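Hi everyone, thanks for letting me take the slot today. I'd like to walk you through one structure, so let's get it up on the screen.

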Amino acid sequence: MADIVYCEWLKLRRSKIILIGFLGSFIVPFLVTVNDIRIYHSNTAMPLSLGGIYEDTIMFLMLLFGPLILAVVAVYLVSREYTEKTWKTVFAVPVGRMQFLAGKFIILFILVLLFMVLSWVDILAISIICSLFLNVLQINVMSAVYILAQMIKGGILLFATLTPFIYLALRAKGTLMPFIAIAVVSLLNVVLSGSQAAGIYPWTAAYLLLTGRLAQDKGHVLPGALIILFVAMFGICASIVRFQKEDIAG
Amino acid sequence: MDNYVIKTENLTKKYHGQIAVDNINLHVPKGKIYALLGRNGAGKTTTMKMLLNLLRPSAGKVILFGEKDSGFGKRNYHRIGSMIEAPAFYENLTAKENLEILARLRGRHRQDTIENALFVVNLDWKSKKLFREYSLGMKQRLGLAAAIMHEPELLILDEPMNGLDPIGICETRKYLLQLCREKGTTILISSHVLNEIEQLADVIGVIHKGALLEETNLQELYRHRRNYAEFEVSEVNKAALILERMFSISDYAIMGGNKIRLYEKIDKRAAINSSFVKEGIAVEKVSVSAGKLEEYFTELVGGEGIG
């Protein structure tokens, strides 16, 4: 399995999607900090803090940028095998379809975690740079470790909600349908994030669960967590069933 | 136990009720080059894909290496090299990187495997050129390198000469013959280029509209089918007399439509033609039989339409 995952990594060499993911992981903390500095200048009673930058960053990452960019990455990992017609080449080796699919899920998981860790590095770097010119609170090891742990948890939750996009890419054998689905999911994230339904909509529930807001609304933690789990299992199981019976036409 | 590396029993593939491959019973003998001939859409690629388990048969079965009860085991892929349709590789990677992925997935290979395979197909293993920048011929050669890289016992090649220049075709042919004769590799090849197949194949199978019309040994086919020159003349009986008396030809046949076909001294057809004219016989047409395989193929599948 290590070889399969390594090969998935090799396939991404010189790939623009990695650059997009890399830039995406940096852009959110950067924009959030710019906005926080603007607020600080208009109201100096609200000082900048590492925790504040993290909270704003994680909101945008979990609700908008994360699902958007990482779902595109998930779709790319699968759909390129159809558009470049490479399934027929890699299937002519003694590796089972289940293993190929597992390789796709594992590399997606690694990329999601990498995306979150890079965002964490960016949050820290920007906060430290800002602290050279402005008063930035909470810059300490404990906060940094806590934020890293939260980012990793967020990555796991994001991954769980991304698995259906792998299934969609397998089903569509291209990018159009999955990209429409990504747009719809992201739009609903924005629309539902402040509503009562946010706790049961998997992509917003992941953010609420991570930040503890789901726990504040008693009784919503379990349904929210179960819905996320269901979405993750659906994505994995449906992909397996679909992929096992598929004819490689291209 | 029979000595077939590939054997199929009533292999069938249907797409939405349409039959693409119809009850095919292939017999590919060990250590031979078997050519699958057929027009576009005849079912050659579909058959090859089923042999490789890329497509699931609607009915029938594939028996590889005589392993009747095992179905298609993953381990078979260690023993098979394949190239189906246009070679497909990751466009953002070089030839070496693409082969490295396949070698890693196969799990066992010598360090020089990739280098050797690229050397055989005349591609530079150090080249930084990406697959997306390759010409059709280079892509085809990389496809062949991927197929032979692990020294398989069985090669399944779908139109491997497509896009190759004449020298590339000649070298590929020589290499495939060498693999078969020296290493005993069994090769199943499909092609439209019949004169190429004539120089390569031991056995041919003709597939048409999804059905396998005939399987035959090429040498036997040649023994039964002889070259001839055909004259379309005004008086066949007089022409026959001239052939016998002036040219001592006895191996000829009078066909319908004022045609006379001679099977010997074909190279004397110009002189024969002159004699016919001198003796007052009008010669409407002189023709020499086309390539034996081409003629056989045309007779079997019919020549209507552009294939």
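Before anything else, a word on labels: helices here are DSSP runs of at least four residues and strands are runs of at least two, and they are numbered from the N terminus. With that in hand we can place Ser248(B), which sits in the loop between helix H9 (236–247) and strand E12 (252–255) of chain B. Also, please keep in mind that this is a predicted model.

Okay, so what about the phi of Ser248(B)? Its phi is near 50°, a positive value in a residue other than glycine. As background, most residues other than glycine have a negative phi. Chain B has another residue to show you here, Glu159(B), again with a positive phi near 50°. Glu159(B) belongs to the loop between strand E7 (154–158) and helix H6 (166–183) of chain B. Is Glu159(B) buried or exposed? Its relative accessible area is 10%, so it counts as buried.

Now let's go to where chain A and chain B touch. Chain A brings 33 residues to the contact and chain B brings 28 residues. Together the two chains bury about 2800 Å², and 55% of that is on carbon and sulfur atoms. On the chain A side, Arg14(A), Lys88(A) and Pro94(A) supply 22% of the area buried against chain B, more than any other three residues.

How many residue pairs are in polar contact across this interface? The rule finds 15 of them, with both partners at pLDDT 80 or more. If you look for which elements of chain A give two or more residues to that side, they are helix H1 (2–11), helix H3 (50–83), helix H4 (87–90) and H5. H1(A) gives the most, with 6 residues. Sorted by class, the chain A side has 14 nonpolar, 7 polar and 12 charged residues.

Speaking of charged residues, on to salt bridges. Over all chains the count comes to 13, and between chain A and chain B it is 4. One that involves both chains joins Asp3(A) and Arg104(B), with the closest N and O atoms 2.9 Å apart.

Another one joins Arg14(A) and Glu97(B), and there the closest N and O atoms are 2.8 Å apart. This pair crosses between chains: Arg14(A) is in the loop between H1 and helix H2 (16–42) of chain A, while Glu97(B) is in helix H3 of chain B. The two partners are covered to differing degrees. Arg14(A) has 43% relative accessibility, so we call it partly exposed. Glu97(B), at 11% relative accessible area, is buried.

Let's stay on that chain B helix for a moment. H3(B) is mostly covered, with 10 of its 12 residues buried. Among the buried ones are Ala95(B), Leu99(B), Ile101(B) and Arg106(B). Here's a nice little check you can do yourselves: at 1.5 Å a residue, the 12 residues of H3(B) (residues 95–106) should span 16 Å, and the end C-alpha atoms are 17 Å apart, which agrees. Right after H3(B) comes Gly107(B), with a positive phi near 90°.

There are salt bridges inside the chains too. In chain A, Glu84(A) and Arg80(A) meet at 3.3 Å, N to O, and both of them are buried. In chain B, the side chains of Glu85(B) and Lys49(B) meet at 3.5 Å. Glu85(B) is in the loop between strand E6 (80–83) and H3 of chain B and Lys49(B) is in helix H1 (residues 44–51) of chain B, so this pair ties together parts that are 36 residues apart in sequence. Lys49(B) is buried, with a relative accessible area of 5%, whereas Glu85(B) is partly exposed at 33% relative accessibility. And back in chain A, Glu8(A), Lys11(A), Glu81(A) and Lys104(A) are linked in a network of salt bridges.

Last stop: Arg97(A), in helix H5 (residues 97–131) of chain A. It counts as buried because its relative accessibility is 10%. Which residues is Arg97(A) in contact with, leaving aside neighbours within four places in sequence? Its contacts include Phe91(A), Gln244(A) and Glu246(A), plus Asn53(B), Leu54(B) and Arg56(B) from the other chain. Phe243(A) is also one of its contacts, and the backbone oxygen of Phe243(A) lies 3.1 Å from a polar atom of the Arg97(A) side chain.

That's my tour, thanks for listening!

Key:
Residues are numbered from 1 along each chain as its sequence is written. Chains are lettered from A and ligands numbered from 1 in the order in which they are written. This is a predicted model: local features need pLDDT of at least 70, side-chain atom pairs count only at pLDDT 80 or more; totals for chains, interfaces and linings use all residues. Side-chain values use heavy atoms; hydrogens and water are left out. Buried means under 20% relative accessible area, exposed over 50%, partly exposed in between (1.4 Å probe, protein chains only). A polar contact is a pair of N or O atoms within 3.5 Å; within protein, one must be able to donate a hydrogen and the other to accept it, and residues adjacent in sequence count only if both atoms are side-chain atoms. Contact means heavy atoms within 4.5 Å. Buried area is the accessible area (1.4 Å probe) that two parts lose on being put together, summed over both. Ala, Val, Leu, Ile, Met, Phe, Trp, Tyr, Cys and Pro count as nonpolar, Asp, Glu, Lys and Arg as charged, and the others, Gly among them, as polar. The expected span of a helix is 1.5 Å times one less than its number of residues.
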